[in-house]
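These are my notebook entries on a structure that I had not looked at before. I write down what I looked up, one topic at a time.

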Amino acid sequence: MKNIILSFLCLFFATVAKSQTHKLLFKTAYGNIKVVLYDYTPAHRDLILNAIKTQVYKDALFNRIISDFVVQGGEHDIDIEKRESADPAREKPRLAAEFDPRAFHKVGALGAGRDGNAEKASFLNQIYFVVGKKIIAKELDDLEVKKKIKYTLEQRATYLKIGGQPRLDHDFTVFGEIYEGLDVIQKISKVKTGSQDYPVQPVHFELSEIKN
């Protein structure tokens with residue numbers, strides 16, 4: 001049954017991939033992950049494309065892994081805080097949030113990490129993949145009341161079918177999704193972790209753009 005669901009998801013995500021302009025390749029020891037970037041979140045799309053050109057993610061790690069939640073990579077929250085605290089100018093550059101109803105926290109979504117800033121603006125060098133969990137209708141109903149939002153019919157149907165992390169919606173920017181290699185990110189999400197959700201064994205990734 002699990003393989004059937006993964007096959008369905010890959011077909012579903014591949015359809016989305018065909019309608020967007022840019023795609024990324026994450027190479028890992030566990031296999032490759034292919035990601036489509038959304039054209040309707042252009043600032044975040046362009047941020048990561050520029051990061052590839054400037055090698056921001058060279059020797060990058062998935063360094064915060066929480067089973068059934070997210071696999072996070074790039075600069076760790078702790079390291080960002082240390083770096084910014086040591087900056088005498090106290091600058092904290094962020095990228096303004098981009099929320100679009102087509103970009104939400106379903107399984108396989110690619111999002112941008114952030115801190116607790118009121119604007120919900122993103123870190124410039126931290127990403128995460130949603131591993132997620134099963135979602136029931138009552139959970140979505142309760143979140144609509146708590147967050148004062150309304151899930152679209154597409155969002156609701158997708159969450160109920162494949163799961164995700166809807167509680168992150170309207171708080172973190174989603175700017176892409178996996179269209180091939182969802183099984184790889186699921187494997188990575190199960191690695192053994194220690195203090196502060198760091199993997200016991202480093203999980204490296206190489207990031208590049210897929211040229212059509």
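How many residues lie between β1 and β2 in the hairpin that they form? I found two residues between these strands. I note at the outset that I am reading a predicted model, and that every value below is computed from it.

**Entry 1: the chain as a whole**

I looked up the overall make-up of the protein chain, which comes to six helices and eight strands. Following the sequence, I read the order of these elements as α-β-β-α-β-β-α-β-β-α-α-β-α-β. The C-alpha trace spans about 50 × 40 × 35 Å along its principal axes. I then compared the radius of gyration with what a compact globule of 212 residues would have, and the 17 Å of the protein chain agrees with the expected value near 17 Å. Buried residues account for 48% of the 212 residues.

**Entry 2: the strand β1 and its partners**

I returned to β1, which covers residues 22–28, and asked how far it is enclosed. Five of its seven residues are buried, so the strand is largely enclosed by the rest of the structure. On the hairpin side, β1 runs antiparallel to β2 (residues 31–37), and seven bridges join the two; as a landmark I marked Leu24, which stands opposite Val35 in β2. β1 also pairs with β8 in the antiparallel sense, here over five bridges, and in this pairing Phe26 stands opposite Leu207.

**Entry 3: the strand β5, covered on both faces**

In a regular strand the side chains alternate between the two faces of the sheet. With that in mind I looked at β5, residues 109–112, and found Ala109 and Gly111 buried on one side, with Leu110 and Ala112 buried on the other, which leaves both faces covered. β5 pairs with β7 (residues 174–180) in the antiparallel sense over three bridges, and Ala109 stands opposite Glu177 there. Three bridges also join β5 to β6, again antiparallel, with Ala112 opposite Ile127 in β6.

The loop between β5 and β6 holds Ala118, and I looked this residue up as a contrast to the strand. Ala118 is exposed, with a relative accessible area of 72%. Its C-alpha atom is separated by 9.7 Å from that of Asp171, although the two residues are 53 residues apart along the chain.

**Entry 4: the two sides of α5**

Which residues of helix α5 (residues 153–162) are buried? I listed Gln155, Arg156, Thr158, Tyr159 and Ile162. They cover an arc of only 165° around the axis, which puts them on the same side of α5. An α-helix has 3.6 residues a turn, so residues three or four places apart point the same way. On the face of α5 turned away from the buried side I found the exposed residues Leu153 and Lys161. Just after the helix, Gly163 takes a positive phi of about 85°.

**Entry 5: the largest cavity**

Rolling a probe the size of a water molecule over the atoms shows where empty space is left. The count came to one cavity of 30 Å³ or more, and the largest cavity holds about 70 Å³ of space. Which helix gives the most to its lining? I found that α2 does, with four residues, while α2 and β6 (126–130) each supply at least two. The lining includes His44, Leu47, Phe123 and Phe175, and I also recognised Ala112 and Ile127 in it, the pair that I had marked as standing opposite one another between β5 and β6. By class, the lining has nine nonpolar and three polar residues, and no charged ones.

**Entry 6: the second largest pocket**

My last search was for the second largest pocket, in which about 200 Å³ of space lies. α2 (42–53) and β8 (204–210) each supply at least two residues of its lining, and β8 gives the most, with four. Among the lining residues are Ile52, Lys58, Asp59, Phe205 and Glu206, as well as Leu207, the residue that I had marked opposite Phe26. I counted the classes here too, and the lining has seven nonpolar, two polar and three charged residues. Ala51 and Tyr57 are listed for this pocket, and both names also appear in the lining of the largest cavity.

Technical notes. Residues numbered from 1 in each chain as written. Predicted model: local features only at pLDDT ≥ 70, side-chain atom pairs only at ≥ 80, totals over all residues. Heavy atoms only, no water. 1 Å grid on protein atoms, 1.4 Å probe; cavity = no way out; pocket = protein on both sides within 12 Å on 5 of 7 lines; lining within 4 Å. Points joined across faces, edges and corners; volume = space filled by probe spheres on them. Nonpolar A, V, L, I, M, F, W, Y, C, P; charged D, E, K, R; others polar. Buried < 20%, exposed > 50% of the residue type's maximum accessible area, 1.4 Å probe, protein only. Pairing = 2+ DSSP bridges. Arc of directions from axis to C-beta. Rg over C-alpha atoms; globule rule 2.2 N^0.38 Å.
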